[in-house]
Amino acid sequence: MRGAMLRWFAGWLSLAACVAPGSASAGAAPAPFREVEVCFVLDTTGSMANLIKAARDKIWFIANEIVSAPSKPDVKLCLLAFRDRGDAYVTRHTLLTTDVDRIYAELAQFQAEGGGDTPEAVNQALSEAIDASGWSPRDEVLKLIFLVGDAPPKVYAGEPQYPELAARAAARGIVINPVLCGEDDQARRTWDTIAILARGRGAAIGDASRVERIVTPMDQDLAALNQRIGRTLVPYGSEAVRAETAAKQKSAEGMDDIGVSDRLAFNAATGRTVQGGGDLIDALDRGELATTAIERDRLPDGLRSMTETELLAALQARRDERVALRRVIDALVMERREYIEARRKGGAQGFDAVVADTIRVQLQRR
């Protein structure tokens, strides 16, 4: 009986993929999605410490896998951490953003604590993720939730339950992909039901920390180049924005070499030196600001007193250095990607590979 149910479930998922929101009728060949929004809904109770570390270590890899897809989609990410009532918090939520640097910083602050009574506030977490993440209203955007945890929902009176929430997500064009960590049977049944109702792709990983991190001969060189390109940054904006821009680069320089390499690859693919804005040279190169519109009080202290000629010369010198560095970085990033592809292992998948593979499939509008 269980085998028959599993075959039925697999067949249903195949059918659901064919009729997912945004797909066309039979015989048509619609273009793949060019924009994708992804919300990670993460159980952050004590049993999930390995998952949080895996997510932090691989968020740049996941983002990079998305923008490296054949359709070269734009990507927005958000996080929703959840525990249960009576813990230090029930949910912590960041809205969808293109600023992966900020997402990484938020992940770095998450600590796995609390829990212990097994059921968690899954229903509240899903409700907030569906209703309050800042999703695009456009059908042309692929909208995904990855629900990642190891415990079933705690039932509280007066709040919508997961079957209703999964159906609500599907009606809004939001696909929920549940990722089960561990072996809890009740959680497994819940995750399977959510995948069916929300037209998602379920996955189970026994150990969330099992991520494939391939060290390459290019990583040390890329880490050194990251420090050099950081010296070309010109933080621009309010005092808070300038401080945040500098903090992002400092945080990047504190990553291990693999993380730095993944971040540089993502920056190269998106044409930015720092994510989320805040760098003057990026803004000028992208046409977001003209040199005639530069405001002196938004510059770093060392540039404010320069004459216009001196300022433009200083900016050009940093830009020229950055362009030269990017040529070297781009070549190393390509070489590194080829090296990783040649050595990537098959078999059991961890959190990062499950997420990346699922997004690649769902980007195709099948």
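Two strands are taken as paired where DSSP finds at least two bridges between them, and on this basis C39 stands opposite I145 in β4. The structure described here is a predicted model, and the account that follows moves from the overall fold to the central sheet, then to the helix packed across it, and finally to individual residues.

The protein chain comprises 13 helices and six strands. Of its 366 residues, 47% count as buried. Contacts that are distant in sequence are prominent in the count: among those between residues at least 6 apart in sequence, 80% join residues at least 24 apart.

The six strands form an open sheet of mixed pairing, in which the order is β3-β2-β1-β4-β5-β6. The edges of this sheet are provided by β3 (91–93) and β6 (203–205), each of which pairs on one side only. From one strand to the next, the twist averages 20°.

Within the sheet, β1 has a partner on either side in the strand order, with β2 on one side and β4 on the other. Nine bridges join β1 to β2, and the two strands run parallel; in this pairing, E37 stands opposite K76 in β2. On the other side, β1 (residues 35–43) and β4 (residues 141–149) also pair in the parallel sense, here over eight bridges. Besides the C39 and I145 positions, this pairing places F40 with F146 of β4 as its bridge partner. The next pairing in the sheet, between β4 and β5, is likewise parallel and is made by seven bridges, with L147 standing opposite P178 in β5.

Burial was examined for two of these strands. In β2, seven of the nine residues are buried, so this strand is largely enclosed by the rest of the structure. In β4, nine of the nine residues are buried, and the strand is accordingly described as mostly covered. The residues of β4 point in two directions, V141, K143, I145, L147 and G149 one way and L142, L144, F146 and V148 the other way, and all are buried. The bridge partners named above can be placed within this pattern, since I145 and L147 belong to one set and F146 to the other.

Helix α2 (residues 49–67) lies across β1, β2 (74–82), β4 and β5 (174–181), and runs at about 170° to β1. The helix is mostly covered, with 15 of its 19 residues buried. At 1.5 Å a residue, the 19 residues of α2 should span 27 Å, and because the end C-alpha atoms are 28 Å apart, the expected and computed spans agree. The helix nevertheless has a bend of about 55° at K58.

Residue I59 has its place in this helix. With a relative accessibility of 2%, I59 counts as buried, because the cut-off for burial is under 20%. When residues up to four places away in sequence are not counted, I59 touches F40, L77, I103, Y104 and L107. One of these contacts, F40, is the residue whose bridge partner in β4 is F146. A further relation across the sequence links I59 and G259, which are 200 residues apart in sequence but 8.9 Å apart in space, C-alpha to C-alpha.

A contrasting environment is provided by D131, which is found in helix α4 (residues 122–131). With a relative accessible area of 41%, D131 is partly exposed, because this value lies between the limits of 20% for buried and 50% for exposed residues. Once neighbours within four places in sequence are left aside, D131 is in contact with R168 and R172. The C-alpha atom of D131 is separated by 9.9 Å from that of L165, a residue 34 places away along the chain.

Cysteines were considered last. A disulfide is a covalent bond between the sulfur atoms of two cysteines. With a cut-off of 2.5 Å between cysteine sulfur atoms, the count of disulfides comes to zero. Two of the cysteines, C39 and C78, were examined for accessibility. C39 counts as buried because its relative accessibility is 0%, and C78 is buried as well, with a relative accessible area of 0%.

Definitions and conventions
Residues numbered from 1 in each chain as written. Predicted model: local features only at pLDDT ≥ 70, side-chain atom pairs only at ≥ 80, totals over all residues. Heavy atoms only, no water. Helix = DSSP H or I, 4+ residues; strand = E, 2+ residues; numbered from the N terminus. Axes fitted to C-alpha atoms, helices over the stretch in contact; angles between N-to-C directions. Contact = heavy atoms within 4.5 Å. Expected span 1.5 Å × (residues − 1). Bend = angle between axes of the 7 residues up to and from the residue. Buried < 20%, exposed > 50% of the residue type's maximum accessible area, 1.4 Å probe, protein only.
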